[in-house]
Amino acid sequence: MLELAILGFLAEGPLHGYQLRHRIAHLFGHARPVSDGSLYPAINRLVGAGLLDRRTEPGASAAHRHTLSLTDAGRCELLRRLRDADGLDISDSTRYFTVLAFLSQVPDTAEQHAVLRRRLEFLEQPASFFYDGDRPLGAEDNDDPYRRGMLTIARATSHAERSWLREVLA
């Protein structure tokens with residue numbers, strides 16, 4: 001998802017490394033902080049693969065600044081990753097939100113909707129954090145107030161997202 005976020009933000013225009021880090025940190029939030037130890041190796045991999053271009057510019061102080069931009073190959077790779085989002089990219093909320101953040105880069109509405117339909121299909125499957133055998137347990141099935149809270153919040157979030165998805169797909 002880090003590479004997808006890098007490609008996605010650079011599809012919006014060139015950025016300096018620290019600007020990119022700041023945008024990714026806001027997207028991923030406190031739950032998944034991005035360290036320089038993961039961001040800059042990911043950038044280097046993408047540059048090495050020809051998906052990003054890095055230009056060096058003189059900085060305000062003695063240090064040089066690097067401006068990153070997406071190559072044509074990088075744009076193609078971004079679109080491929082967005083169109084092909086499946087599995088954990090659909091079922092894991094943080095990964096899915098990263099896909100969703102850049103899905104408008106896909107120019108074909110039908111392809112955008114195919115991704116949204118995969119998410120809706122996932123959300124419509126019975127699921128829970130807790131089970132009795134194979135049966136998912138709902139909030140009403142749980143005596144623990146904190147687990148009931150988790151399940152109540154998850155149900156409301158899922159309901160809101162399903163409503164939004166149906167509206168967009170209509």
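# A guided tour from the nonpolar core outward

Begin by selecting Leu2, Ile6, Leu10, Leu20, Ile24, Leu52 and Leu82: of the 36 residues in the largest nonpolar core, these touch the most other members. The model on display is a predicted one. Next, colour the elements that each supply at least two residues of this core, namely α1 (2-11), α2 (17-28), α3 (36-48), β3 (64-70), α4 (72-83), α6 (93-102) and α7 (109-123). Which helix gives the most to this core? It is α1, with 8 residues. As general background, nonpolar side chains in soluble globular proteins tend to be buried together.

Remain on α1 and centre the view on Leu2. Leaving aside residues up to four places away in sequence, Leu2 touches Ile24, Phe28, Val34, Ser38, Leu39 and Ala42. Of these partners, Ile24 is also among the core residues selected at the outset.

**The whole chain**

Zoom out and switch to a cartoon view. The protein chain contains 8 helices and 5 strands. Followed along the sequence, these elements are arranged as α-β-α-α-β-β-α-α-α-α-β-β-α. The radius of gyration is 20 Å, well over the 15 Å that the globule rule gives for 170 residues, so the protein chain is more spread out than a compact globule. Along the principal axes, the C-alpha atoms fill a box of roughly 60 × 35 × 25 Å.

A surface display may be added at this point. The protein chain exposes about 10,000 Å², and carbon and sulfur atoms supply 54% of that area. Of the 170 residues, 35% count as buried. How many positive and negative side chains does the protein chain have? There are 21 positive and 23 negative ones, and the centres of the two sets lie 4 Å apart. As for contacts with a separation of 6 or more, residues 24 or more positions apart account for 53% of them.

**Pro14, His16 and His66**

Return to the cartoon and select Pro14, which is found in the loop between α1 and β1. Which residues distant in sequence does Pro14 touch? Beyond four places in sequence, the contacts of Pro14 are Thr67, Leu68 and Ser69. Pro14 and Leu68 are 54 residues apart in sequence, yet their C-alpha atoms are 5.4 Å apart in space.

Move along to His16, in strand β1 (residues 15-16). Is His16 buried or exposed? Its relative accessible area is 10%, so His16 is buried, the limit being under 20%. Display its contacts beyond four places in sequence: His16 touches Glu57, Arg65, His66 and Thr67.

One of those partners, His66, is the next selection; its place is in strand β3. At 38% relative accessibility, His66 counts as partly exposed. With neighbours within four places set aside, His66 is in contact with Leu15, His16 and Gly17, as well as with Arg54, Arg55 and Thr56. To place His66 relative to Asp53, draw a distance between their C-alpha atoms: the two residues are 13 positions apart along the chain and separated by 9.8 Å.

**Gln112 in helix α7**

Now select Gln112, whose place is in helix α7. With 18% relative accessibility, Gln112 counts as buried because the value falls under 20%. Gln112 touches Leu103, Ser104 and Val106, not counting residues up to four places away in sequence. A C-alpha to C-alpha distance drawn from Gln112 to Arg83 reads 7.1 Å, although the two are 29 residues apart in sequence.

**Pro33, an exposed loop residue**

Finish at Pro33, found in the loop between α2 and α3. With a relative accessible area of 69%, Pro33 is exposed, since the value is over 50%. For a last distance, join the C-alpha atoms of Pro33 and Asn142: these residues are 109 positions apart in sequence and 32 Å apart in space.

How values were computed
Residues are numbered from 1 along each chain as its sequence is written. This is a predicted model: local features need pLDDT of at least 70, side-chain atom pairs count only at pLDDT 80 or more; totals for chains, interfaces and linings use all residues. Side-chain values use heavy atoms; hydrogens and water are left out. Helices (H or I, at least four residues) and strands (E, at least two) are DSSP runs, numbered from the N terminus. The radius of gyration is taken over C-alpha atoms; the globule rule is 2.2 Å times the number of residues to the power 0.38. Buried means under 20% relative accessible area, exposed over 50%, partly exposed in between (1.4 Å probe, protein chains only). Contact means heavy atoms within 4.5 Å. Accessible areas come from the Shrake-Rupley method with a 1.4 Å probe; for residues, only the protein chains shown count as cover. Lys and Arg count as positive and Asp and Glu as negative; His and the chain ends are not counted. The place of a charge is taken as NZ of Lys, CZ of Arg, CG of Asp or CD of Glu. A nonpolar core is a set of buried Ala, Val, Leu, Ile, Met, Phe, Trp, Tyr and Cys residues joined through side-chain atoms within 4.5 Å.
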